[in-house]
Amino acid sequence: MSETYEHVAPARYRISGKGRVNDLAPVRFTFDGREIVAAAGDTVASALLAHGIHLVGRSFKYHRPRGVVTAGSEEPNALIRVTHSAKGGEGRTEPNTRATMQEAVEGLKVESQNRWPSLSFDALSLNDRLSRVLGAGFYYKTFKWPRSFWDKVYEPAIRAAAGLGRAPTEDDPDHYSSRYAFCDILVVGAGPAGLAAAMAAAGDGRRVILADESGEPGGSLLAMPAATIDGKPAWVWLAETLETLAAAGVTILLRTTAIAYDHENMVGLVERVTDHLATAPADLPRERFWRVRAGRVVLAQGAIEKPLVFDGNDRPGVMLAGAAQTYLNRYGVAVGRHVAVATSHDSAWHTAFALTDAGVTVAMIADTRAQVAPALTAAAAERGIAVMLSTVPVATQGTKRIKGVWLAERTGDTVAEAGYHACDALLMSGGWTPAVSLFSHTKGKLAWDAATGRFLPDTSPEACHTAGAGAGVWGLADALASGAEAGAAAAGTTAPSFTVTGDDAGTGAPEGALPSDRPARKAFVDFQNDVTAKDIRLAVTEGMRSIEHIKRYTTTGMATDQGKLSNINGLMIAAEALGKTPPEVGLTTFRPPYTPTTFAALAGPRRGATFEVTRKTVIDPWAEAAGAVFEPVALWRRARYFPKGVETMDEAVARECRTTRKTAGIFDASTLGKIEVVGPDAAEFLNRMYTNPMLKLGVGKCRYALMLGDDGFIRDDGVIARVAEDRFHVTTTTGGAPRVLATMEDYLQTEWPDLKVWLTSTTEEWATIAINGPKAREILKPFIKDADISAEAFPHMSMLECSFAGVPCRLFRVSFTGELGFEVNVGAAEGRKVWELIVGAGEKVGACVYGTETMHVLRAEKGYIIVGQETDGTVTPQDAGLSWALGKTKADFVGMRALKRPDMAKADRKQLVGLFTEDPGTVLEEGAQIVEGPDEPLPMTMLGHVTSSYMSATLGRSIAMAVVSGGHARMGETLYVPMDDGVIAATVTSTVFFDPEGARLNG
Amino acid sequence: MILIHCPYCDETLPEAEFTYAGEAHVVRPDPSVSDETWRDFLYIRSNPKGPHAERWRHAHGCGRYFNAIRDTVSDRVLTTYKAGESKPVLPGDVK
Amino acid sequence: MADVTIRTLTRAARFSVRCGEADRTAAAEALGVPLIGTIGAIAVAGPRRSLCLGPDEWIVAAPLEDGPAMTAAFAASPAVGSLVEVTNRDVTFAITGPGGEELLAHGCPRDLSKLAPGRGVRTVFDGVSVVLWRFDDRFEMTVWRSYVPFVEALLSAAAREMQAA
């Protein structure tokens, strides 16, 4: 370890004794293969800067060298690819991580992005030279001709060059968590305003959550060690306040970003739980998504500093002044040795003073304003800093790091000849804009403050309060006061007051693009998307009027930082070009998430085995052990087929079908929906809900039942058995069960509340085992001692309650295969035992178990429909050939009236028919379209489509069902199914392919 | 996720417990009505901008269908009432 | 960190009871447990208990062996209503320890601090309908059988996460 340490360049820009990092606790990571020794508490950005590394990436479009601009989550440039090596390989890699947010972690592998082959030499930086032709709207204007180039040349080339970072190729081995939380007051931001708000709100058992995106609470206090609050040094006050809050039961969430403010004070927080740890317990999630429902919310997110807009404002080493102050005071890092400052706001002056006091040379402070507070100029003079008022930067020099800046005196929009000043860092400040994103998520209205060039939060429909710099308040004392007020208002308490010294309060003047003595081609507004002031003016010249159009045309504000640094500058420039005021031009909408968020954080635990709700029957473990192949059906996973040895699906299904028709097959039908309908009006209710007559259904009898919507279209089907005069056992399709119950409840509660009938879902009460085939009764009989299940005593469509080997059982004589069939319903807890008994008995006579695929084939051979496969919400009973199921003499049933509309009886409706392909070996594709003639000119008239299609082992040929326009009158016609590789001819036939007389049912 | 007051449970609860069930006060006509009337019953809805009388079900709760007035602009539920009760008059409603 | 234990309870006889206000007393008498007419109210009578889930709906739990007698008593009573056995449908987890509320917050969008001991509700846990009973020392969460693997996986991951924190 120490060997490599010896060879590593020292952190030459670390100022010993400054900052809150611990350089006695070194943390090693690599940057593009080079080892960097950071101090505990560093971010990747602060550690790189401590080593004098400003160049950290290339820009998106022009591949210009870029450096760290900020010290927070608003960072547009310093996007890195990080791999948590100590925790594993490529799977724990994340692109586009902001170096300003990633804490230095032992073993972290950091790579720069958007460069090839290396950061210092990048092939695509040629784009920078071509920038004259790559301006706004470049894509729309250039890649138009020839047409044939769209797919083959332009798109692949653009796709290869585009994109931010490189996604990892391996699965993410981490897990992610999600939870709800409830509080009386949620405070977003733990800077001075947020801390004061939490102090005011805490106590009396109120539940308070204080969230901050940084690894350390304190916000701007961390960069203001010289201030005092209530007589205590700022950092002492901070430590004591945190203790007080913890003692008062405030939940403090660090590394937690409020990404979205949803309706009724539901705020989404993403907590980064382990990214700052070199190793972590396996059970800890990497990120946790908090859905916090708060009584009231205090937004104290602070303000974001704006860059100045001038030529070359994007060179590595040009950075926001406030960030430099944070690097100095929080991280003990000087961002340069010979620093120039260009500003339009007082705050940068205080940064300059702090740097000078720490031993850094500040060459000059250039301020765009003609006048500043005398105290500032006096303090500058005291420190020997040259002051240049009415001065603007017009250009910079340097490639991988700034070498100097041209400064020029301005008079209004004109400038005098510029002078060159050498520097190794240029700190800029265009003033501060409140972070109003979350406030905007609430549909909160913003008010334009022309004097300061800021949008301020105004009114919101949510119970939220804004405080501190985020509410437009500037200066420590005022921020504390406004936070305390907001917290007190939220909690109904009295606001505490604070005494502050060393407050760097101040003002500034809003600026758009600064005047220049040269054609300012590289005055960047949006660093991340490489949008310049010139691009925005071009967009206006080319006719864009609304900020929404300008945004889309230039892509300003559309990068992953959502224009945190650029929106106001872009708006000012657009407004000036349009000759309008900024509010007339408008501000684009801020949308969640506030900062880039991993998909995994949003997915939470919904991945792998818990990707979605998966329902399993009690027989599922048996099927799994038996080697079943499963398929999802609605939320259920069902055994699709049971391959033996090396059987393919087709082979297994053919065997299962043949065995069932010849001997018997056993099938887990437990997923069938079941509803117990009980009450004196049960029969009347079912008579109204279903098309079939139900009033006279005898006890112990079953009836096929068809449910329509009131629009007359098929919604569900099943079997209804009358268990007692006032009790019915209703089955539904597997997928339809919840919907059918909800529909029944709807009619019952709102249309016929006078009926005395109640509905209970019993889907899960019963395990349902179907036995079908000539030997079904032989298998079943030994288990039923207390009932006669002979063909005479227990005919098709009967049910009885009996004992199955001592287990209470509802036995149905029904069939979905056309064979002699029984359905054994037993309490689910006994389902596995009963299944094994039946399978054991079945094996003795040569029966098999079968899955859903065989079930599908067997029912299709009989022309039995599956709702949702043969029907699609536009199929009537007549279309499906089920007119026989309509109660002809009923006064009403759901859907009856709609069936009388003339359209429902039109001859050309799509009707269900069977299809035999000319070649019996051809299996049509389900969903394939059907046409009248193979040579019909395009576009062909589509008559319908194939709904079900299988190879039938029983018939030794393929069969299909289809809905075809006027199909019932087309028996014997040849129709055609055009496919990519040719046209398939098929003959229209009946849907009953097998045993049309139904003799086998009565076996 | 909005909050909805269930008039049966008399509690204000998260939307996740509820399911939406279409416009309220759409009366199912007697089957003897004209095709046009039946069509209107099936398909014609008011789709207002602003307060909208609609049905919700406390599906993961008491299971009851009830009515709500929800402002389609603000996505706030202004009031809720039991099935069968008449639509309440809200401040600002035109009589 | 708040401790929490999850355990699957042995099977009980369980019934979904439905009836109108007029039949409530008769139904309760037949079942040997009061049916309180306020949603969320739990009534206890010896080993039997009921929870009011809706205006005309209760869930009743009793020792497994009491089931047949309760069915018979309801059938013989004058109460007009519906008694449907759901003994096999329902699987119940007991969640004990001070971390119960936090554990359930991993999937339940309700503020369970407002669910007092002695009350219960039907609610949702990560998309799955569940019935929660709160007692002084525990929550009981009933889910339909087929959802058990899914819900159990979520609960145990959350419990492990709480332990690791």
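**Exercise 1. How far apart do the C-alpha centres of domain 1 of chain C and domain 2 of chain C lie?** Then work out what makes up the contact of these domains.

*Solution.* Keep in mind that you're looking at a predicted model.

- Step 1: Find the two parts. In chain C, domain 1 covers 5–9 + 89–164, and domain 2 covers 13–85.
- Step 2: Take the C-alpha centres of the two domains of chain C; they lie 23 Å apart.
- Step 3: Look at who touches whom, with a contact meaning C-beta atoms within 7 Å. Domain 1 of chain C brings eight residues, and domain 2 of chain C brings seven residues.
- Step 4: Zoom in on the domain 1 side. Strand E8 (119–125) and strand E9 (128–134) of chain C each give two or more residues to it. E8(C) has the largest share, with four residues.
- Step 5: Sort that domain 1 side by class: you get three nonpolar, two polar and three charged residues.

**Exercise 2. Describe the side of chain C that touches chain B.**

*Solution.*

- Step 1: Count both partners. Chain C puts in 12 residues, and chain B puts in 12 residues.
- Step 2: Pick out the elements of chain C that give two or more residues: strand E4 (48–54) and E8. The largest share, four residues, belongs to E8(C).
- Step 3: Sort the chain C side by class. There are six nonpolar, three polar and three charged residues.

**Exercise 3. Now do the same kind of job for the side of chain A that touches chain C.**

*Solution.*

- Step 1: The contact uses 33 residues of chain A and 34 residues of chain C.
- Step 2: On the chain A side, look for elements with two or more residues. You'll find strand E8 (176–188), strand E36 (673–678), strand E40 (758–761) and helix H23 (828–845) of chain A.
- Step 3: Which element gives the largest share of this side? That's E8(A), with six residues.
- Step 4: By class, the chain A side has 15 nonpolar, nine polar and nine charged residues.

**Exercise 4. Describe how H1 and H2 of chain C pack.**

*Solution.*

- Step 1: Choose what to report. Two packed helices are described by the angle between their axes and the distance between the axes.
- Step 2: Fill in the values. Helix H1 (residues 24–31) and helix H2 (residues 67–76) of chain C pack at about 145°, and their axes are 8 Å apart.
- Step 3: Give the handedness: the crossing of H1(C) and H2(C) is right-handed.
- Step 4: Name the residues. H1(C) uses Ala27(C), Ala30(C) and Leu31(C), while H2(C) uses Met70(C), Ala73(C) and Phe74(C).
- Step 5: Sort the residues of this helix contact: six are nonpolar, with no polar and no charged ones.

Terms used
Residues are numbered from 1 along each chain as its sequence is written. Chains are lettered from A and ligands numbered from 1 in the order in which they are written. This is a predicted model: local features need pLDDT of at least 70, side-chain atom pairs count only at pLDDT 80 or more; totals for chains, interfaces and linings use all residues. Domain bounds come from an automatic or database domain assignment. Two residues are in contact if their C-beta atoms, placed from the backbone, lie within 7 Å. Ala, Val, Leu, Ile, Met, Phe, Trp, Tyr, Cys and Pro count as nonpolar, Asp, Glu, Lys and Arg as charged, and the others, Gly among them, as polar. Axes are lines fitted to C-alpha atoms, for helices over the stretch in contact, and angles run from 0 to 180 degrees between N-to-C directions. A crossing is left-handed if the near helix is turned anticlockwise from the far one by less than a right angle, and right-handed if clockwise.
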